[in-house]
Amino acid sequence: MQSPRRNAEGRPLGTCDPSSSGSPAHGGGSRFEFQSLLSSRMPGADPTSARLRASESPVHRRGSFPLAGAGSSQALPPQLPEEDRIDLNPSFLDIALRSLLAIDLWLSKKLGVCAGESSSWGSMRPLMKLLEISGHGIPWLLGTLYCLSRSDSWAGREVLMNLLFALLLDLLLVSLIKGLVRRRRPAHNQMDMFFTISVDKYSFPSGHTTRAALVSRFILNHLVLAIPLRVLVVLWAFILGLSRVMLGRHNVTDVAFGFFLGYMQYSIVDYCWLSPRTAPVLFVLWNQP
Ligand SMILES: CC(C)=CCC/C(C)=C/CC/C(C)=C/COP(=O)(O)O
C-alpha cells in the first residue's frame, strides 16, 4: 500500500485544516466552500452525475475521504455524505463550462426581447419573423433551384450548382449536430416557426445563422457587388443571427457556433468546388433536355 503523500509541514495531503492553504485535492478552505456552493447551487447539478465524476477522481480512488485525515490531532469536521464529498472536486474545465453556460442562459434571456408579443420589444416581433423567413432553408433551396433552371450560362450554372451543394451540406451538418447535441430551445421560445423538420426542436447550432454565414460568404466571393451591397450582405447575416436570440429561438452560444460553422462550411464548399472538370457527370446530367 502507498503511504500518503505529505506537504511541507508533514501533513498528509488531503488532511483538512480549513485555515491552511489546503490540499491539492481541495485547493484550500475558501475554494472548498466555493466548490461546494457551485456544485450544490448550479443549475443542472445532478447528484448522479456527481457520483460518476467522483469515481474518476484521484481523491475517490485513494479509497478514503481526505478531509478526515488520519493521524491529525486537530478537530475534524464531520464526514459528509457521499454525494456531497464528490461535488467538492469538479475539474476546472467543469467549472468553466458551467459558468459559461450560466452566462449564456442569463444573457440569452436578457436579449430575448422579442420572444413574445408582451415582451419589451414585442412590437418588433413581426419584423424579426420576416428576417427569419429570409434565412429559412426552403426559400433558399427553391430560389436556387429556380435560378438553376433559368440559367443559360455555364458560369452561372456552376455557381448555382455549388450554392445548392452548400445549402444541402449545411442542412445535413446542422441536422447531424442538432441530433447529436440535443440542446433544448430556450424556455421562453414560442415554437411558432414556419416549416420545421424534426431536429428543429433542438437549438444547437442555429441553422439560420449557419446559412446566413455560409450564404453571405458565398455571395461575397462569387458575385461582383458594389461596396454598399457587400456591407448589406454582411449586415443581413449579422442581424439575422442576433434576431435568433431576440426572438428567443436560441441561446447566444447556438448563434456564435452557428456563425463559426457556416463560415467553415464555405471553406469546405470552396475546397470541394464542383465544376465541369471535377464533376462532369453532374453538369452533363443537368444539361439533358
Ligand atoms: C430538402 C429539405 C429536407 C429541406 C428542409 C428545409 C428545412 C425545413 C429547413 C429547416 C429550416 C429551419 C426551420 C431551421 C431551423 O433554424 P434555427 O435557426 O432555428 O436552428
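**Reading the helices and the ligand shell in a predicted model**

Modeller: In residues 255-274, the end C-alpha atoms lie 29 Å apart, and the span is 85% helix and 0% strand. The model is a predicted one.

Colleague: Which residues does UniProt list under "transmembrane region"?

Modeller: The unreviewed UniProt entry lists residues 160-181, 218-243 and 255-274 under that term. Such annotations may be inferred rather than shown by experiment. In the model, residues 218-243 are likewise 85% helix and 0% strand, with their end C-alpha atoms 21 Å apart.

Colleague: How should one read the length of a helix, and what does helix 10 reach from its first C-alpha to its last?

Modeller: The expected span is 1.5 Å times one less than the number of residues. Helix 10, residues 227-246, has 20 residues and reaches 28 Å, close to the expected 28 Å. Helix 9 has 16 residues and reaches 22 Å, close to the 22 Å expected. After helix 10 comes Gly248, with a positive phi near 85 degrees.

Colleague: How does one judge burial, and which residues of helix 10 are buried?

Modeller: A residue counts as buried if 20 or more other C-beta atoms lie within 10 Å of its own. In helix 10 the buried residues are Ala237, Leu240, Gly241, Ser243, Arg244, Val245 and Met246. Their cover includes helix 5 (92-111), helix 6 (125-134), helix 9 and helix 11 (252-271).

Colleague: Is Leu107 of helix 5 buried or partly exposed?

Modeller: Leu107 has 14 other C-beta atoms within 10 Å, so it is partly exposed. The C-alpha atoms of Leu107 and Val245 are separated by 9.4 Å, although the two residues are 138 apart along the chain.

Colleague: Why is helix 9 described as largely enclosed by the rest of the structure?

Modeller: Helix 9 is so described because 12 of its 16 residues are buried. Among them are Gly207, His208, Arg211, Arg217 and Phe218. The buried residues pack against helix 6, helix 7, helix 8 (154-181), helix 10 and helix 11.

Colleague: How is a ligand shell read, and which residues come nearest to the ligand?

Modeller: One may ask which residues surround the ligand, which elements supply them and what their classes are. Here 15 residues are around the ligand, and Gly137, Thr196, Ser206, Gly207 and His208 come nearest. Helix 7 (137-150) and helix 9 (207-222) each supply at least two residues of the shell. Helix 7 gives the most, with three. By class, the shell has six nonpolar, six polar and three charged residues.

Technical notes
Residues numbered from 1 in each chain as written. Predicted model: local features only at pLDDT ≥ 70, side-chain atom pairs only at ≥ 80, totals over all residues. Helix = DSSP H or I, 4+ residues; strand = E, 2+ residues; numbered from the N terminus. Near = placed C-beta within 6 Å. Nonpolar A, V, L, I, M, F, W, Y, C, P; charged D, E, K, R; others polar. Contact = placed C-beta atoms within 7 Å.
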